[in-house]
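User: I am a first-year student and would like to work through a structure by question and answer. Please show it, and then let us begin.

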Amino acid sequence: MIDPERTIAAQATAAGQGAIAVIRMSGPGCMDVLKQCTPVAFTDRLRPRRATLARILDAEGGTIDQALITWFPAPASYTGEDTVEISCHGGMLVTVRLLKRLYQCGASPAEPGEFTKRAFLNGRMDLTQAEAVMDVISSGSDLALKAAQSQLDGGIGSQVNELKDSLIHVLAHIEAYIDFPDEDISPDTASALLERLRQMEEKLSALLRTAEGGRLLREGIRTAIAGPPNVGKSSLLNTLLGYERAIVSNIAGTTRDTVEESIQLAGLALRLIDTAGVRESSDVIEQAGITRTNRALETADLVLEVADASAPRTEPFLTAGCTAPRLLVLNKCDLGIHPDWKTIPGIRFSCAAGEGREELEEAIVRAFASALPGETGSSQVAINARHQHELGLCLEHIRLASESISRQESPEFTALELREALTHLGEITGAVDTEDVLGAIFSSFCLGK
Ligand code: GDP
């Protein structure tokens with residue numbers, strides 16, 4: 001639980017050396033703390049949202065650092081409380097000493113995510129926006145960042161609130177019938193309510209369809225690079241990465257383990273997984289690598305199937321359980337294309353000559369175009385697994401409510417389902433009491449956020 005009387009402080013910038021570091025403090029005691037560790041009457045000079053230079057003093061009056069101090073009076077601050085940001089020199093020792101001094105003067109260390117949690121509890125943002133703060137920070141691609149910014153702007157929250165309003169409207173109608181038990185729901189009213197619920201089901205289904213895109217954006221597209229030994233899988237990984245990461249050699253079976261690296265390609269985050277060559281092997285270590293390859297293929301979102309275009313055609317490999325889309329990369333085209341491959345559709349590529357990258361990028365974007373948020377409208381948002389869970393349950397209860405109306409059951413049953421649906425919507429934005437949900441969300445935050 002958060003004690004709003006506590007004034008918290010933590011470093012908001014990453015640990016390590018930098019030109020500056022920012023220390024953030026929030027709570028009713030901000031000014032008290034500042035009064036003790038800055039020169040006399042400095043706080044009288046502070047103006048809201050104006051950076052003001054001051055020395056931060058230790059207990060003996062010695063200078064810890066010169067810093068720019070900005071005061072954001074409540075409620076117009078990130079947390080909704082009195083907040084102070086101290087921009088000091090970005091040395092490890094400076095920040096540690098400065099924080100210690102703030103704690104000495106009455107502030108206490110913030111828990112991870114506590115600033116954002118306070119912002120949520122003080123009504124400065126809903127839960128989807130709080131989650132978006134972390135998504136913005138951890139975005140690994142342009143598209144992921146765009147979706148996170150849209151969520152931070154309230155993209156998901158506003159759609160959920162619209163659904164909530166519609167649901168409340170239907171519920172109010174149904175409850176009116178509970179209050180007047182002598183009246184039956186007329187067929188006209190019933191069909192109007194059913195139509196309203198059907199529209200909500202559609203909206204919910206549309207939002208639920210963004211879950212896969214959301215996962216791909218947040219986690220990156222798991223891309224397995226697979227194919228027989230020596231066709232250039234490790235070379236492809238290195239080419240895409242732009243530097244030598246995997247060991248490249250012409251001895252078959254060099255990549256005995258899977259190697260994973262993240263890159264951004266055409267605005268998408270790809271988690272590239274170089275696998276051991278798919279072939280029969282008696283070598284125990286190599287066999288273990290091949291088992292891992294099969295596992296990587298089974299969990300992949302995309303398979304780049306590499307083949308040597310200069311050699312005779314080999315049979316395409318098959319892995320039971322691998323359902324991901326496949327792109328055939330015909331590597332070593334610089335050595336000429338063997339007649340076997342002439343009519344086979346695939347991306348003509350050469351790691352050695354650096355050719356084919358653009359075509360590969362285009363093919364990858366095409367493969368995920370329908371799953372990822374587009375340029376326009378509501379499809380810009382992409383829900384996360386928590387939203388997916390709650391929306392799924394909400395949809396289930398709305399369907400049950402519709403069935404209950406169709407079967408002309410007592411309105412109490414319908415109302416029960418609608419209230420359940422409403423609770424699940426409320427859990428998404430944090431409108432209902434959800435202490436355990438808060439714990440789960442904010443524990444993944446870093447300190448100072
Ligand atoms: P892997 O076993 O499939 O990972 O293959 P490697 O990436 O280790 O490459 C096997 C050999 O093929 C190495 O000698 C590479 O230098 C060579 N190779 C990879 N790509 C190309 C290419 O596009 N053209 C040519 N000529 N050689 C390549």
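User: How many residues of the shell around the ligand are nonpolar, polar and charged?
Analyst: The model is a predicted one, and 18 residues surround the ligand in it. Sorted by class, the shell has three charged residues, alongside seven nonpolar and eight polar ones. The counts asked for are therefore seven nonpolar, eight polar and three charged.

User: Which helix gives the largest share of the shell around the ligand?
Analyst: Three residues of the shell come from one helix, and this is the largest share. That helix covers residues 233-241. The element asked for is helix 10.

User: Which atom of the ligand is 2.8 Å from a polar side-chain atom of aspartate 334?
Analyst: Aspartate 334 is among the closest residues to the ligand, a group that also includes Asn230, Lys233, Ser235 and Cys351. An oxygen atom of the ligand is 2.8 Å from a polar backbone atom of asparagine 230, and an oxygen atom of the ligand is also 2.8 Å from an N or O atom in the side chain of lysine 233. For aspartate 334, the partner at 2.8 Å from its polar side-chain atom is a nitrogen atom of the ligand.

User: What percentage of the area that the ligand exposes when taken alone does the protein bury?
Analyst: The contact with aspartate 334, at 2.8 Å from a ligand nitrogen, can be set beside the area of the ligand. Taken alone, the ligand exposes 580 Å². The part of this area that the protein buries is 83%.

User: Is cysteine 351 buried or exposed?
Analyst: Cysteine 351 is one of the closest residues to the ligand. Its relative accessibility is 17%, and a residue counts as buried under 20%. Cysteine 351 is therefore buried.

User: Why does cysteine 37 form no bond with the closest cysteine sulfur?
Analyst: A disulfide is a covalent bond between the sulfur atoms of two cysteines. The cut-off for such a pair is within 2.5 Å, and a search of the whole structure finds zero disulfides. Cysteine 37 is buried, with a relative accessible area of 0%. Its sulfur is too far for a bond because the closest cysteine sulfur, in cysteine 105, is 4.7 Å away.

User: Why is helix 5 described as largely enclosed by the rest of the structure?
Analyst: Helix 5 covers residues 127-138 and has twelve residues. Its buried residues are Leu127, Thr128, Gln129, Ala130, Glu131, Ala132, Val133, Met134 and Asp135. Helix 5 is largely enclosed because the number of its twelve residues that are buried is nine.

User: How far does helix 5 reach from its first C-alpha to its last?
Analyst: At 1.5 Å a residue, a span of 16 Å is expected for helix 5. The span in the model is close to that value. From first C-alpha to last, helix 5 reaches 17 Å.

User: How far apart in space are methionine 134 and lysine 449, C-alpha to C-alpha?
Analyst: Methionine 134 is placed in helix 5 and counts as buried at 17% relative accessibility. In sequence, methionine 134 and lysine 449 are 315 residues apart. In space, their C-alpha atoms are separated by 8.4 Å.

User: Where does proline 75 lie?
Analyst: The peptide bond from alanine 74 to proline 75 is cis, with omega near 0°. Strand 4 spans 63-72 and strand 5 spans 83-90. Proline 75 lies in the loop between strand 4 and strand 5.

User: What is the phi of lysine 332?
Analyst: Arginine 49, in the loop between helix 2 and strand 3, has a positive phi of about 55° although it is not a glycine. Lysine 332 lies in the loop between strand 11 and strand 12, and it is partly exposed, with a relative accessible area of 23%. Lysine 332 also has a positive phi while being a residue other than glycine, and the value is near 65°.

User: What distance separates the C-alpha atoms of histidine 89 and glutamine 17?
Analyst: Histidine 89 is found in strand 5 and counts as partly exposed at 44% relative accessibility. Along the chain, histidine 89 and glutamine 17 are 72 residues apart. Their C-alpha atoms are separated by 8.9 Å.

Terms used: Residues are numbered from 1 along each chain as its sequence is written. This is a predicted model: local features need pLDDT of at least 70, side-chain atom pairs count only at pLDDT 80 or more; totals for chains, interfaces and linings use all residues. Side-chain values use heavy atoms; hydrogens and water are left out. Helices (H or I, at least four residues) and strands (E, at least two) are DSSP runs, numbered from the N terminus. The expected span of a helix is 1.5 Å times one less than its number of residues. Buried means under 20% relative accessible area, exposed over 50%, partly exposed in between (1.4 Å probe, protein chains only). A residue is near a molecule or strand if one of its heavy atoms lies within 4 Å of it. A polar contact is a pair of N or O atoms within 3.5 Å; within protein, one must be able to donate a hydrogen and the other to accept it, and residues adjacent in sequence count only if both atoms are side-chain atoms. Accessible areas come from the Shrake-Rupley method with a 1.4 Å probe; for residues, only the protein chains shown count as cover. Ala, Val, Leu, Ile, Met, Phe, Trp, Tyr, Cys and Pro count as nonpolar, Asp, Glu, Lys and Arg as charged, and the others, Gly among them, as polar.
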